[in-house]
Amino acid sequence: MSSELAIETQQLRKSFGAKDAVQGLTLAVPRGSICGFLGRNGAGKTTTLKMLMGMTKVTGGEGRVLGLRIADAGESTEIRRRTGFVGEDKRFPWSITVAELLRFTRAFYPRWRPDLAERYRRAFQLPPGASAGRLSKGMRSRLALLLALARGAELLLLDEPTEGLDPSTTEETLQALVSLVAEQGTTVFFSSHQLAGVEQIADRICIVDEGRTVVCDALDELKAGYRRVRLVFDGEPPALGFETARRDGRTLSVLARGNADEIVARARAMNARSVDVQPLTLKEIFLESSKGAES
Amino acid sequence: MSEADKMLWYKAWTETRWFFWPGMTFLAASGLALYAGYPDDYATRFPNGAIAVSAEQVRALLHDGRAYIWLSWFGTSLLLGLSFLALALASTGLVRSPDSGAAPGVTYALSMPVSRRRLAGVRMATGLLELAAAAIVSSVLVCALAPTQGQSFPFREGAAHVLLAVSGVSALYGLFVFLSATLGEVSKAVAGGALLFLYGTFTFLTSGVRRLSVFRLMTGDTYFLRGEVPWLGVVACVAVSAALMYASLRVVERRDF
């Protein structure tokens with residue numbers, strides 16, 4: 001396994017009784033990248049993040065975070081020392097205040113950044129004396145983010161970090177993540193259903209469906225590989241032999257996955273009247289990638 | 001002790017103090033009430049006997065205030081108060097419900113660079129220390145106030161009774177912690193309370209196994225009546241407590257959150 005990778009999994013599996021939540025997930029996230037982790041509800045994103053953090057036991061396969069084995073209890077503790085985490089469950093005990101939680105967390109992280117903690121506490125308008133458990137959903141998300149960002153971590157594992165945040169705070173959060181990567185070389189691996197935000201900051205995308213990796217590639221290469229080819233014929237469109245083709249009257253729409261040139265060439269050979277090749281947005285790529293399991 | 005260790009203990013304290021303070025206050029108030037309603041005739045206070053002591057024994061015993069303090073405080077109020085406090089403190093564990101898996105804040109705590117064994121171990125130890133503190137402080141209060149009614153309950157004897165009460169409740173606490181680790185929130189409380197009730201009733205009412213009653217050990221009857229500390233019972237309770245808490249740690253270590 002490579003030391004250039006912040007996260008690397010091979011055939012990672014997790015079963016809960018008879019249910020396979022993750023079945024053979026293979027990921028490679030380079031250090032210093034911002035990687036969006038996408039998938040429909042129940043695709044296995046949260047379970048994967050919990051396995052990376054040692055909260056959920058691995059059923060099979062192998063995984064390393066920052067070069068450390070996730071299945072080894074001692075190495076898992078070291079992973080958590082060097083990683084900031086925002087989980088899906090952002091509840092805190094009502095018995096502890098924001099200030100107490102900050103004081104508690106700081107003690108475990110030698111690289112804790114008090115300047116960042118104070119900056120985000122003010123920016124996120126978190127009152128130090130407030131009970132952490134009684135904060136609103138959005139405020140709890142802000143607190144969870146603050147606690148992860150101020151750890152001085154080499155890696156941030158974030159499960160829906162902007163869940164419940166207003167657009168302004170979402171934007172602020174996304175910019176904070178970009179700044180951390182630029183200033184400290186932090187790696188960010190985050191799941192989100194807000195694809196516009198993911199497309200805005202991620203340089204790498206991993207899409208999972210039914211616990212399996214569908215795609216894990218640089219965003220630019222991913223977008224370069226996907227094209228929508230619209231072909232208009234004078235009469236009934238001929239069968240081009242592509243599984244991803246959809247017919248609509250005299251128009252044939254074909255999803256190209258790295259084979260746009262081949263599709264165009266074949267369409268011209270079939271006397272297509274017009275050929276239009278368009279790039280896909282991340283949302284379209286995501287919807288196309290997770291369509292297979294749906295049907 | 002490192003700063004991180006101090007913070008672990010501090011966090012465990014912040015999460016249990018909301019049960020500790022009311023429990024402690026209740027016990028202290030019960031101790032004060034003992035003297036506020038001091039009876040003219042002790043024997044009328046326990047017409048049906050008390051835990052581990054029959055009505056006949058009560059009538060034979062209650063000829064002085066010392067016996068009244070023992071029966072009222074060590075044999076009843078302290079025993080019941082500590083048992084319920086143990087149940088409440090055990091409910092602050094890492095596992096809250098079978099569905100959501102973790103109690104609020106546990107996902108966050110598990111993201112810290114601390115082993116589960118240490119995390120859960122500190123929480124369990126904090127609960128035990130709080131039980132001991134509640135027993136000691138309230139019993140010292142009871143012993144110290146005895147002279148206000150012209151009575152005496154020596155601190156040395158009080159200390160022996162506290163030892164018995166704490167060793168007994170440690171076994172109950174271990175049982176509640178184990179149930180908390182293996183069952184969900186509602187079922188834990190119901191199962192814990194029901195088990196305790198059944199066990200207590202059976203061992204108290206059945207003469208052949210009365211010596212196995214943890215409640216009987218907690219009353220300290222053998223010490224009060226015969227001056228004998230039941231060391232075997234103390235060791236057994238502490239051993240059971242340790243075994244159940246170790247088993248709970250193993251459950252927590254293996255559990256998916």
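Q: Quick one on this predicted model: how many residue pairs are in polar contact between chain B and chain A?
A: There are 14 such pairs between chain B and chain A, counting pairs with both residues at pLDDT 80 or more.

Q: Which elements of chain B give two or more residues to the side that touches chain A?
A: Those are α1 (3-36), α4 (106-110) and α10 (231-254) of chain B. The most comes from α1(B), which gives ten residues to that side.

Q: And by class, how do the residues on that side of chain B divide?
A: You get 14 nonpolar, six polar and nine charged residues on the side of chain B that touches chain A.

Q: OK, how many salt bridges between the two chains?
A: The count between chain B and chain A is two. One of them joins B:Arg17 to A:Glu100, with the closest N and O atoms 3.7 Å apart.

Q: What area do the chains bury between them?
A: About 2,700 Å² for chain B and chain A, and 61% of that is on carbon and sulfur atoms. Chain B puts 29 residues into the contact, and chain A puts in 29 residues.

Q: Switching to chain A by itself. What domains is it divided into?
A: Domain 1 of chain A covers 5-210 and domain 2 covers 225-289. Their C-alpha centres lie 39 Å apart.

Q: How many residues are in contact there?
A: Eight residues of domain 1 of chain A touch six residues of domain 2. Together the two domains bury about 600 Å², with 86% of it on carbon and sulfur atoms.

Q: Which three residues supply the most of what domain 1 buries?
A: A:Leu195, A:Glu199 and A:Ile207, which supply 68% of the area that domain 1 of chain A buries against domain 2.

Q: How many salt bridges between those domains?
A: Zero salt bridges between domain 1 and domain 2 of chain A. Polar contacts come out at zero residue pairs too, taking pairs with both residues at pLDDT 80 or more.

Q: Which elements give two or more residues to domain 1's side?
A: In chain A, β3 (34-39), α7 (195-201) and β9 (204-209) do. The most comes from α7(A), with three residues. By class, that side of domain 1 has five nonpolar, one polar and two charged residues.

Q: Last thing: where is B:Pro154?
A: B:Pro154 is in the loop between α5 (116-145) and α6 (155-182) of chain B.

Q: Why does B:Pro154 count as partly exposed?
A: Because its relative accessibility is 32%, and partly exposed runs between 20% and 50%.

How values were computed:
Residues numbered from 1 in each chain as written. Chains lettered and ligands numbered in written order. Predicted model: local features only at pLDDT ≥ 70, side-chain atom pairs only at ≥ 80, totals over all residues. Heavy atoms only, no water. Domains from an automatic or database assignment. Contact = heavy atoms within 4.5 Å. Buried area = accessible area lost by both parts, 1.4 Å probe. Salt bridge = Lys/Arg side-chain N within 4 Å of Asp/Glu carboxyl O. Polar contact = N/O pair within 3.5 Å; in protein donor to acceptor, adjacent residues only side chain to side chain. Helix = DSSP H or I, 4+ residues; strand = E, 2+ residues; numbered from the N terminus. Nonpolar A, V, L, I, M, F, W, Y, C, P; charged D, E, K, R; others polar. Buried < 20%, exposed > 50% of the residue type's maximum accessible area, 1.4 Å probe, protein only.
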